[in-house]
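Student: Please take a close look at the salt bridges here, and set them in the context of the elements that carry them. I would like one connected account, with the cut-offs stated.

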Amino acid sequence: MSYDTVLSFKINRKNMTITGRYRSSNCFDMFNRRVVEDYTNTYKTPEEFKKGVFDFADGALNGSLRFSSSSTMSKRLTWLSQNNKLRYRYPEKAKSNNPEDAWYKEWFVVERNEETFKVLVGEKRVKPKKWVISNGDKIGVKVTPRYTKLSYDRWKKFYSLDEANKMMKRLTDLGWVESYGLKIVEA
């Protein structure tokens, strides 16, 4: 399966354009570097533009487009998820108890209404909830792909309480929660 990593992304509602740069996961040049493509989508009608914005959001939710976790679009999608603005793509299949239909429970789309559109284009400013693991004072947890350590400055921000609880379980197994008095705190 291939996916595109979005490097830059901008929605201009006034000109009805979506511009950006992306890098495909399976497209390399002759020097074995990933190819970076620029794109500009210009829409003629507001309905087409609205559909294009929702399609980009749906692409990010189904995994074919990847935004970095620090990007604005990723934070907007996180806010929509935290505020129950996502729906199942196939609701009738998601209700099924058939094991073959289990993957339908993971496939979400954005609600098609004016509020979610305003959030996606940036007219409505939103901030998703974040949590950190700290002792409430000076020490917090810093997580990288290679290691987890206690830190005094840059702590890992969790956008999902479930992720924070999973990390807390790991830290409890290491004995850090009791030793340092760590707890989950809303940032």
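Tutor: A salt bridge is taken here as a side-chain nitrogen of Lys or Arg within 4 Å of a carboxyl oxygen of Asp or Glu. By that rule the count comes to 11 salt bridges. The model is predicted, so local features need pLDDT of at least 70 and side-chain atom pairs pLDDT 80 or more, while totals for chains, interfaces and linings use all residues. Numbering starts from 1 along each chain as its sequence is written, and side-chain values use heavy atoms, without hydrogens and water.

A good place to begin is the pair formed by Arg-13 and Glu-114, whose side chains meet in a salt bridge with an N to O distance of 3.7 Å. This pair links distant parts of the chain, 101 residues apart, since Arg-13 lies in the loop between strand S1 (4-12) and strand S2 (17-28), whereas Glu-114 belongs to helix H4 (helices, H or I, of at least four residues and strands, E, of at least two are DSSP runs, numbered from the N terminus). Arg-13 counts as partly exposed at 31% relative accessibility, and Glu-114 is likewise partly exposed, at 34% (buried is under 20% relative accessible area, exposed over 50%, partly exposed in between, with a 1.4 Å probe and protein chains only).

A second long-range pair joins Asp-58 to Arg-112, with 2.6 Å from N to O. Here 54 residues separate the partners along the chain, Asp-58 sitting in helix H1 and Arg-112 in the loop between strand S6 (108-110) and H4. The environments of the two residues contrast, in that Asp-58 is buried, with a relative accessible area of 7%, while Arg-112 is partly exposed at 47%.

The pair of Lys-169 and Asp-173 is local instead: their side chains meet in a salt bridge at 3.8 Å, N to O, and because they are 4 residues apart in helix H5 (residues 161-174), about one helical turn separates them. Both Lys-169 and Asp-173 are exposed. Beyond individual pairs, salt bridges that share partners join Arg-13, Lys-50, Glu-114 and Glu-123 into one network.

Two members of that network also appear where H1 and H4 meet. The axes of H1 (residues 46-62) and H4 (residues 114-121) come within 10 Å and cross at roughly 75° (axes are lines fitted to C-alpha atoms, for helices over the stretch in contact, with angles from 0 to 180 degrees between N-to-C directions). H1 contributes Phe-49, Lys-50, Val-53, Phe-54 and Ala-57 to the contact, and H4 contributes Glu-114, Thr-116, Phe-117, Leu-120 and Val-121 (contact means heavy atoms within 4.5 Å).

H1 also lies across S1, S2, S3 and S4, running at about 35° to S2. These 4 strands form an open sheet in the order S3-S2-S1-S4, with mixed pairing (strands pair if DSSP finds at least two bridges between them). At its edges are S3 (34-42) and S4 (65-66), each of which pairs on one side only. S1 and S2, the strands that flank the loop carrying Arg-13, pair in the antiparallel sense over 8 bridges, and the bridge partner of Lys-10 in S2 is Thr-19.
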